[in-house]
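Visitor: Please show me the model, and then take me through a helix and some aromatic rings.

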Amino acid sequence: MSWDLIADYVIVGAGSAGCVIANRLSAEPGLQVAILEAGGDDRPTRNLPQFMSNLMIHIPVGYARNLKNPQVNWNYETEPDASAGGRVFSWPRGKVLGGSSSLNAMLYVRGQHADYDGWRQLGCEGWGWDDVKPYFVRAEHQERGACDFHGVGGPLNVSDVTETHPVSDAVVAACESAGIPRNPDINGPEQEGAGYYQLTVKNGQRCSSAVAYLHPAMSRPNLQVVTQALASRVIFEGKRAVGVEFLQNGVRKTIQARKEVILSGGAVNSPQLLQLSGVGPGARLAEHGIEVVKDLPGVGENLQDHYLVALTWRLKAGVVSVNELTKGLRFVGETVKYVFQRKGLLTLSAAHIAAFCKSRPDLATPDIQFHILPATTDVSNVGEGGAMELEDKPGLTIAPCQVRPESRGSIHIRSADPREHPAILPNYLSDPLDREVILAGIKWARKIAQQDALAPLIDHETLPGPDAKTKAALLAYAKMAGQTLYHPVGTCQMGRGPMAVVDPELKVHGVEGLRVADASIMPRLVSGNTNAPSIMIGEKASDLILGRTASAMAA
C-alpha cells in the first residue's frame, strides 16, 4: 500500500509515557521515530482560546480551569454506576501534548515498593521494585539532591511546595498525634506517614512529560510530532502490525511502522484502539463489524481507579485558608508574587499534605491515602460542571481514598467509529472490601480533625456533617459524594494469564510488532498517584524496545 508517512517506530499518544518513549528512541540517530497525538500543541499559540487553555496548563493552579476544557481534554463520561449512587462521572483525560500530565495535579508519588514486587509475583518478571527503581531515579531531577532513592539530572523536575501554610502545618501535627508519623519523603524507604507533597514543578511552572521529555527532543531531525491526529486503527498484515491509520483535520492518512507500533494512549484510548483494530474480545468486536485479528478477552477489562471521598470543615473566623487567597486584593497580591517570584497560590496543587495510613493495624503497608488542602470547594460542582471554585469562608478538606481497590470495571467500544467515546463502567465501591476501607478512611479523617493541633482552627464539620454517624449514613455519603481521583489503569494488563493483554516486554499477546506502554498495562493499581509510575513505564519500555538495561544509559 501507499503510505503518507514512514517511520521505524510509531508511538500513538503523546502522554506521560509516550513523550518519554519518543525522547529516548529518537536519541538514537539511526532511528526514525513518529509520535501521533489526537490533541494539539501545549505551547503558546495565536489562537486566543487555545492560548488561554495552554497558559492554564503551565501555571500549576490552572489545572482547575482545564477539568472540562474541550480544547485540551477528552471530556469522557462514565456509564451510570449503580455501585456509586447511579451517578455518571466526569473523567478528564489530556488531549494535548503531555496528555494527562498536562492536566493533572502534579503530585509526585511512586507508590509502594510492594506494589511492584506484587506485579512480579503476578508473572510480570522484570517489574519488581529493584527492577523499576532505576527508572524512577533515571527520570528524576530531585531538587533536594541525590540519594539512594532519588536522582538528579533527569528530565522530570521534582520540587517541594513553594510555600507551606499554617493550617497545613497543623494538619501534619494532628496526623502525628493521631498515630500517623511524620514522613518528609513518601517516595523514600517507607510510604507510611504525613508530610507535604512534592510536585512535578520547575521554577513555578508545570513540568509535564511534554515539557520534560518531548520539547527538548522536537528539534531532532529523526523525530516527527504529528498533532491533531486521531488514530482510527492499527494496520495489520496478517498478525503483524505494520502501521497506523489516523484522521487529521477530517482527512484519512496512514503512517508505516517499519519496526513497531507502540500504543501509549492511556487506560481509555489504548484498549479502545486495540478493539477498533481487531484485537480484543472477539464476540464484542464482531457485533460492531470489526474483523478479529486476535481474540484477546482481557482488552478493556480489569479497569481500576482510585475513588476519593472528601470531608470538609469550616475554620474559625480570622483563620486564613487558601479560600480567601483567591479573592479580591489577596488574589492580586498572589498574582504579583507569582509573576515576580514564581511562588505562592498560583503554584499550588489540588493537595498540600499527603498522609498514608492503615485501615487495620495488622496490615503490612498503608491502604489509605489522604489528599489534604487548607481549602474547600463545591465537590458536586467539580463532578457535574467541571469547575473548581473555592468557597469564600475559610475551610479545610481531608479526603481519603483506598489505594489498592478490589473493584473492577471495564472500557469497551460502542461502535467502529474512532470518534465515538467508549463505554466506561468503573464499578466504584462494588467490592465489599472497598466499602470497608473507605469507611475506615472517613473515621481516620475525623480522628485527625479532632486532634488538639487543629482545635484552635476548626469551627465545625460541614461535610458529611456531625449528624452522619452510623455506618449506613457514612456509606451513603461515600456513594453520593465520592469522585474519581483520575487514576484509571489496568485495561491492557500485563501478565501471562488468560486475561493478560501484554507480556512483561509489553508486547501484545498473539500478534507481532505491537506493544502497549502506559498506565493501562498495570496489572494492579499502585498505592498512590499514577503519573510518576506512568513515566517510569515509558522509561522501561524504551529500554525494552532498544534491548538494553537501565544501567546502560545515563539520564
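Visitor: Which residues of helix 13 are buried, and within what arc do they fall?

Guide: In this predicted model, local features need pLDDT of at least 70 and side-chain atom pairs count only at pLDDT 80 or more, while totals for chains, interfaces and linings use all residues. Residues are numbered from 1 along each chain as its sequence is written, and side-chain values use heavy atoms, without hydrogens and water. Helix 13 (a DSSP run of H or I, at least four residues, numbered from the N terminus) spans residues 471-481, and its buried residues (under 20% relative accessible area, 1.4 Å probe, protein chains only) are L474, L475, Y477, A478 and A481. They line one face of the helix, because down its axis the directions to their C-beta atoms fall within an arc of 155°.

Visitor: How are the rings of W74 and Y76 arranged?

Guide: The whole structure holds nine aromatic pairs (Phe, Tyr or six-membered Trp rings with centres within 6.5 Å; planes under 30 degrees apart are stacked, over 60 edge-to-face, the rest tilted). In W74 and Y76, the centres are 5.7 Å apart and the planes at 10°, so the pair is stacked.

Visitor: And what is the arrangement of W119 and W127?

Guide: Both residues, W119 and W127, are buried. Their ring centres lie 6.2 Å apart with the planes at 50°, so the pair is tilted.

Visitor: Which residue has its charged end over the ring of W74?

Guide: W74 is buried, at 12% relative accessible area. A charge counts as over a ring if NZ of Lys or CZ of Arg is within 6 Å of the ring centre and within 35 degrees of the ring normal. At 4.5 Å from the centre of the W74 ring sits the charged end of K95.

Key: Buried < 20%, exposed > 50% of the residue type's maximum accessible area, 1.4 Å probe, protein only. Helix = DSSP H or I, 4+ residues; strand = E, 2+ residues; numbered from the N terminus.
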